[in-house]
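Colleague: I should like to learn how to read a structure of this kind, step by step. Could we begin with a pair of strands and work outwards from there?

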Amino acid sequence: MSQGQPRRPEGGDALQQQDRPVKYGDVFDVSGDLAAQPVAPRDAALLQSAEDTVQGLGQTQKGGPAAVMQSAATLNARAGHVGRGQLSGPVADAGVAVTETELPGRRVVTESVAGQVVGRFVAPPPVAATEPSGALEQDAVTIGRALEGAAAAGAGGKAVDQSDAAAVQAAEMRATGRNLTVPGGVAAAAQAAADQNARIVREENKVKLRDVLSDARSKLPEDKGATREDAEKVVSAEIRNKLNMATTPGGVADAVTTAARLNQERP
């Protein structure tokens, strides 16, 4: 398990047992007093607030540390192990933190509770908003073009997995404006490829990204210029389906983020 990633208890045992509280050590790779501390509701609220301040998503990152803490705290409060407005001692003493580090072509977001890392993910740098947005222009780089760009890039030879399928689904929904997968569309093809690959042992026999995305525009009933909001949704979908919580270099999230950046920089 990568350092700082949420634990995935087998069968969800830690989140199923109501006779004892869910502790930080049950869901995160932490130690000391924090590991033995029940997760409290105000702890989760504080981390969610810090996540939103840094990432600006306006909602809980699915599968992220705050979401894990919210689930655990809700169970603890429901079972009477903690009060609904309770703040744990270590968090009261040392607080929570979400920091963002900019690296060349990448940003690293690290989340900590009481001084211990509970989550870290790597994503493309955020797209800066400008006015007016070039994504509204007719010649903007569309989401469909971005997906085809991922097929032609170095990641085109990558075997499709669930993180790719989730990212393509998010991209399709943003392109079409529909909150569902289009039958016979590019997202359906990506999910079918991910499901098929999960049953194949030999890497050379697996369906690759280029096989699914090379004609993405023809599989999209509608398309649109990629925007900062589109990029954020696709990045979120991709990283929450990867254990290392990092986007694939040159993959779907990177491609949509690059398209959005080009559109924002358009004069």
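Modeller: Let us begin with one pair of residues: Leu103 stands opposite Arg106 in β2. Please keep in mind throughout that this is a predicted model.

Colleague: Which strands pair here, in which sense, and over how many bridges?

Modeller: Strand β1, residues 96–103, pairs with strand β2, residues 106–113, in the antiparallel sense, and the pairing runs over 8 bridges. Another residue to look at is Glu102, whose bridge partner in β2 is Arg107.

Colleague: How many residues lie between β1 and β2, and what is notable in the turn?

Modeller: The two strands form a hairpin with 2 residues between them. In that turn, Gly105 has a positive phi of about 75°.

Colleague: What pairs with β2 besides β1, and over how many bridges?

Modeller: Strand β3, residues 116–123, pairs with β2 in the antiparallel sense over 7 bridges. Within this pairing, Val109 stands opposite Phe121 in β3. β2 and β3 also form a hairpin with 2 residues between them, and Ala114 in the turn has a positive phi of about 50°.

Colleague: How should I read the two faces of a strand?

Modeller: The general idea is that in a regular strand the side chains alternate between the two faces of the sheet. In the present case, Arg106, Val108, Thr110 and Ser112 of β2 lie on one side, while Arg107, Val109, Glu111 and Val113 lie on the other.

Colleague: Are these faces of β2 covered or open?

Modeller: Both faces are covered, since every residue just listed is buried. Put as a count, 8 of the 8 residues of β2 are buried. A residue counts as buried when its relative accessible area is under 20%.

Colleague: Which residues touch the most other members of the largest nonpolar core?

Modeller: They are Tyr24, Val113 and Leu213, in a core of 63 residues. The largest share of this core, 7 residues, comes from helix α8, which spans residues 162–176.

Colleague: What does Val113 touch, leaving aside residues up to four places away in sequence?

Modeller: Val113 touches Tyr24, Leu34, Leu47, Met69, Val91, Gly95, Val96 and Val118. Val113 and Tyr24 are thus in contact, and both belong to the trio with the most core neighbours.

Colleague: I should now like to read the charged pairs. How many salt bridges does the count give?

Modeller: The count comes to 13 salt bridges. In one of them the side chains of Asp230 and Arg174 meet, at 2.6 Å from N to O. Asp230 lies in helix α11, residues 228–239, and Arg174 in helix α8, so the pair ties together parts that are 56 residues apart in sequence.

Colleague: Are the two partners buried or exposed?

Modeller: Asp230 is buried, with a relative accessible area of 0%, whereas Arg174 counts as partly exposed at 29% relative accessibility. Asp230 also forms a salt bridge with Lys224, the closest N and O atoms being 2.5 Å apart. Lys224 counts as partly exposed, at 27% relative accessibility.

Colleague: Where do the partners Arg178 and Glu222 lie?

Modeller: Their side chains meet in a salt bridge at 2.9 Å, N to O. Arg178 lies in the loop between α8 and α9, and Glu222 in the loop between α10 and α11, so the pair ties together parts that are 44 residues apart in sequence. Arg178 is partly exposed at 33% relative accessibility, and Glu222 is partly exposed at 32%. Elsewhere, salt bridges that share partners join Lys158, Asp161 and Asp164 into one network.

Colleague: What does the chain look like overall?

Modeller: The secondary structure comes to 12 helices and 3 strands. Of the 267 residues, 48% count as buried. Among contacts between residues at least 6 apart in sequence, 66% join residues at least 24 apart.

Colleague: Where should I read the model with caution?

Modeller: Begin with the predictor's confidence: the chain averages a pLDDT of 85, and 85% of the residues score at least 70. Over residues 8–12 the pLDDT stays under 50, and the model has 4 contacts for them beyond four places in sequence. Over residues 131–136 the pLDDT is also below 50, and this stretch has 11 contacts beyond near neighbours in sequence.

Terms used:
Residues numbered from 1 in each chain as written. Predicted model: local features only at pLDDT ≥ 70, side-chain atom pairs only at ≥ 80, totals over all residues. Heavy atoms only, no water. Core = buried A, V, L, I, M, F, W, Y, C linked by side-chain atoms within 4.5 Å. Buried < 20%, exposed > 50% of the residue type's maximum accessible area, 1.4 Å probe, protein only. Helix = DSSP H or I, 4+ residues; strand = E, 2+ residues; numbered from the N terminus. Contact = heavy atoms within 4.5 Å. Pairing = 2+ DSSP bridges. Salt bridge = Lys/Arg side-chain N within 4 Å of Asp/Glu carboxyl O. pLDDT = per-residue confidence, 0-100.
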